[in-house]
Amino acid sequence: MATDILMPALSPTMTEGALARWVKAEGDTVSIGDVLAEIETDKATMEVEAVENGILGRILVPEGTQDIAVNTPIAILVAEGEAVPDAAAATPAVAEPATATEEPAAQPSAAPATPAAAPLSAPQPEKDWGPTAEITVREALHDAMQAELRRDPDVFLIGEEVAEYQGAYKISQGLLAEFGDKRVIDMPITEHGFTGMAVGAALTGLKPIVEFMTMNFSMQAIDHIINSAAKTLYMSGGQMGCPIVFRGPNGAAARVGAQHSQCYGSWYAHVPGLKVVAPWSSADAKGLLRAAIRDPNPVIVLENEILYGRKFPCPVDEDFILPIGKAKIEREGRDVTIVTFSIMVTTALEAAEELAQQGIEAEVINLRSLRPLDTATIVESVKKTSRLVTLEEGWPFAGIGAEVAMQVIEHAFDWLDAPPARVTGVDVPMPFAANLEKLALPQPEHVVEAVRRLI
Amino acid sequence: MAAAQEKTARVGGNGPSLTREQFMDAFHEMLLIRRFEEKAGQLYGMGLIGGFCHLYIGQEAVVVGIQMTLKDGDKLITSYRDHGQMLAAGMTPRGVMAELTGRATGYSRGKGGSMHMFSREKNFYGGHGIVGAQVALGIGLAFANKYRGTDEVSVAYFGDGAANQGQVYESFNLAALHKLPCLFIIENNLYGMGTSVERASASHELWRNGEPWGIPGRRVDGMDIAAVHEAAAEAVAHCRAGKGPYLLEMMTYRYRGHSMSDPAKYRKREEVDQIRKTRDPIEHVRQILLDAGVGEDSLRKIEDDVKATVNDSAEFAQTSPEPDPAELYTDVLLEA
């Protein structure tokens, strides 16, 4: 049966091309793989190969022709001994090319509106977990991993110095002794490799906890965190989830300079398919890390080295856990809302104390979770105070503060009595000198100053 | 080095080591991949497949020969040149073609495309668009096998181009250090996109790239299914026995460009024609079967079956609906 040879699309962007040269002539026998013609695309000259055996019955488009639309018949292929039909009578090489290619265009832009437009539900009050004990953030993180390692045999911990060294920051102290080297595994300094390995294991359903000695080193592995862990569920049409935790100290420690002092909050919070939490207190640390380990999705846990040794009350209930995506109001106030996370919660509370002495009552929101963001709690607060100050250690440009302010503008613009203000780290790489480092990081007085400008 | 020379001396395989039935099966599988890919190229030309599309034509013996040595539960992962692997793994031509055309009935419901396809059921873990990423992920699959105490093996396929990525060597180290049951397959088709191995790698003997970590390696004629099968059987047995990873360099060739938009000016047409005429993996098996007394009719029957299967997959893909617009927002996160 005669078939049309169609002008092919030879690149993702090609819609038309030129027929530079016919390599075969009318009457030539052609086999699969033979070069029929050369076609000039928008990028290069390409060879077109035969996809069927037969005889080149008729050339419909002579060489030298420009601007031939993709799918235009350019020749007719016939079987041996077969008469060459008129162009119109030939059936295309594959059925219905024209209809099929027009199909996407024929679809109206039917994509539903972004779900962000959905109304916010009212914030729920936090569950009371009963008696607490003072423990350090370090102990809280340790206890969370220990509890989850006991609870689920699919959970394991890998990272540099997590096992025999007992943790570079002693978070994993004693875990090797309790769980053995099958589940608490030292890694060589090879973040890209071991992160990829952990993600591969997670795709099979295991639940790795990957400890980065600091989150700065996660940049060596960021391709696996984003391209392999965050996107595979979507790319697989929901078949392959990736239950994995990436954790480690984030942000500035003390005097460790530019390459070891950086906040990854907005980096990771930018990515759909990831959850990002940033605990401040011991309760945050324990409750959020346990939730992260149980979560079926990849979760980034941004810890803070300076907080590791700080003590906070933490519920003693063995089942204590916190929901991801829920902020906590650490101090109530009526005059201004300060939204912050991680170690900056301390700075915000100090500023609130100072403001109180000046007669200004600040409400301090500890985000706990950067993605999903608890917009409902923030908006509820701003509707009460009518003023917003965001506070973060990271850089200002496209930071978490920018996102929080935009959410407030979208959901509570009419309640605002002043433009939102941001207090952030200074927009420079972190300096080493003690005085410069202090100048680069937000201090309580910066927050006080920002609030005073709004009131 | 003596051991290394001995291994090199085995280049080309040990001749036919498969039964007639196995050759028949291999002929069917390889032809299915060949015809499927030709059809995919055709649909791409018609604008029905968009974006990137990397065809496997010419390399069929590699994946078919290896697959014959595997058992249920063994895990597979590869790069973006993945259609052959998926068909060999038993994924349906319909589901794969529907994914290539971005339809709701595709393996990823139209959200992955040519380069990102998966099957939990067939233990096929992608389909990865980042060169070399599948090697680190692949040792993770092997890690999971070991963690769970099974004797399952993971096969991580990558090309000569990926063989220069740093994470490949991080993975070699980790796999050897932890004795992971991972079979590394370098599909050396001589070109990483347009750059020949000679212009990309200071070492041209890629099968030796695991030597610093003590990973045994062999170079194999990847156009000879029996040679592939023999080498893979040895390598898989090594991994399954808990002796750690193994590396095979499959010398193969892709007839088509790197992707559909590759004019392939970095190699001569004669080079392609020469290999096609003298080393074609499918013609090689056809000849073995004819020599063994299999009738032309039996082979034609296979050809007709394959053609029908491929045409059916194309028809299925073209008549399947595009994903529902609501699919845009699903599968981003699982319910906690």
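In the predicted model, helix α5 of chain B is followed by G102(B), a residue with a positive phi near 70°. Helix α5(B) spans residues 93-100, and eight of its eight residues are buried, so the helix is largely enclosed by the rest of the structure. The buried set comprises P93(B), R94(B), G95(B), V96(B), M97(B), A98(B), E99(B) and L100(B). These residues pack against three helices of chain B: α2 (20-45), α4 (83-88) and α12 (296-319).

The loop between α5 and β2 of chain B contains N123(B). Phi of N123(B) is near 55°, a positive value in a residue other than glycine. N123(B) has 21 other C-beta atoms within 10 Å and is therefore buried, the cut-off being 20 or more. Strand β2 of chain B covers residues 124-127 and includes G127(B). A cis peptide bond links G126(B) to G127(B), with omega about 25°. Most residues other than glycine have a negative phi, and most peptide bonds are trans.

Chain A shows both of these backbone features. Its cis peptide bond lies between R371(A) and P372(A), where omega is about 0°. P372(A) sits in the loop that runs between β21 (369-371) and α10 (375-385) of chain A. A positive phi, near 50°, occurs at D67(A), which is not a glycine. D67(A) belongs to the loop between β6 (54-59) and β7 of chain A. With 9 C-beta neighbours inside 10 Å, D67(A) counts as exposed, because the limit for that class is 12 or fewer.

Strand β7(A) is part of an open sheet of four strands in chain A. The order is β5-β4-β2-β7, and the pairing is antiparallel. β5 (45-49) and β7 (68-69) of chain A stand at the edges with a single partner strand each, so one side of each has no neighbour in the sheet. β7(A) pairs with strand β2 (residues 16-22) of chain A in the antiparallel sense, over two bridges. In this pairing, E16(A) stands opposite A69(A) of β7(A).

On a wider scale, chain A is divided into domain 1 (3-92), domain 2 (132-315) and domain 3 (328-454). The centres of domain 1 and domain 2 of chain A, taken over C-alpha atoms, are separated by 57 Å.

Helix α8 of chain A covers residues 282-294. Its 13 residues reach 18 Å from first C-alpha to last, close to the 18 Å expected at 1.5 Å a residue. The helix is mostly covered, with 12 of its 13 residues buried. Among them are the charged residues D284(A), K286(A) and R290(A). Buried nonpolar residues of α8(A) include L288(A), L289(A) and I293(A).

The two chains meet through 59 residues of chain A and 56 residues of chain B. On the side of chain A that touches chain B, the elements giving two or more residues are β5, α1 (97-106), α4 (191-203), α5 (222-230) and α6 (232-235) of chain A. α4(A) gives the most, with 10 residues. By class, this side of chain A has 33 nonpolar, 22 polar and four charged residues. Strand β5(A) thus appears both at an edge of the open sheet and among the elements that touch chain B.

Definitions and conventions:
Residues are numbered from 1 along each chain as its sequence is written. Chains are lettered from A and ligands numbered from 1 in the order in which they are written. This is a predicted model: local features need pLDDT of at least 70, side-chain atom pairs count only at pLDDT 80 or more; totals for chains, interfaces and linings use all residues. Domain bounds come from an automatic or database domain assignment. Two strands pair if DSSP finds at least two bridges between them. Two residues are in contact if their C-beta atoms, placed from the backbone, lie within 7 Å. The expected span of a helix is 1.5 Å times one less than its number of residues.
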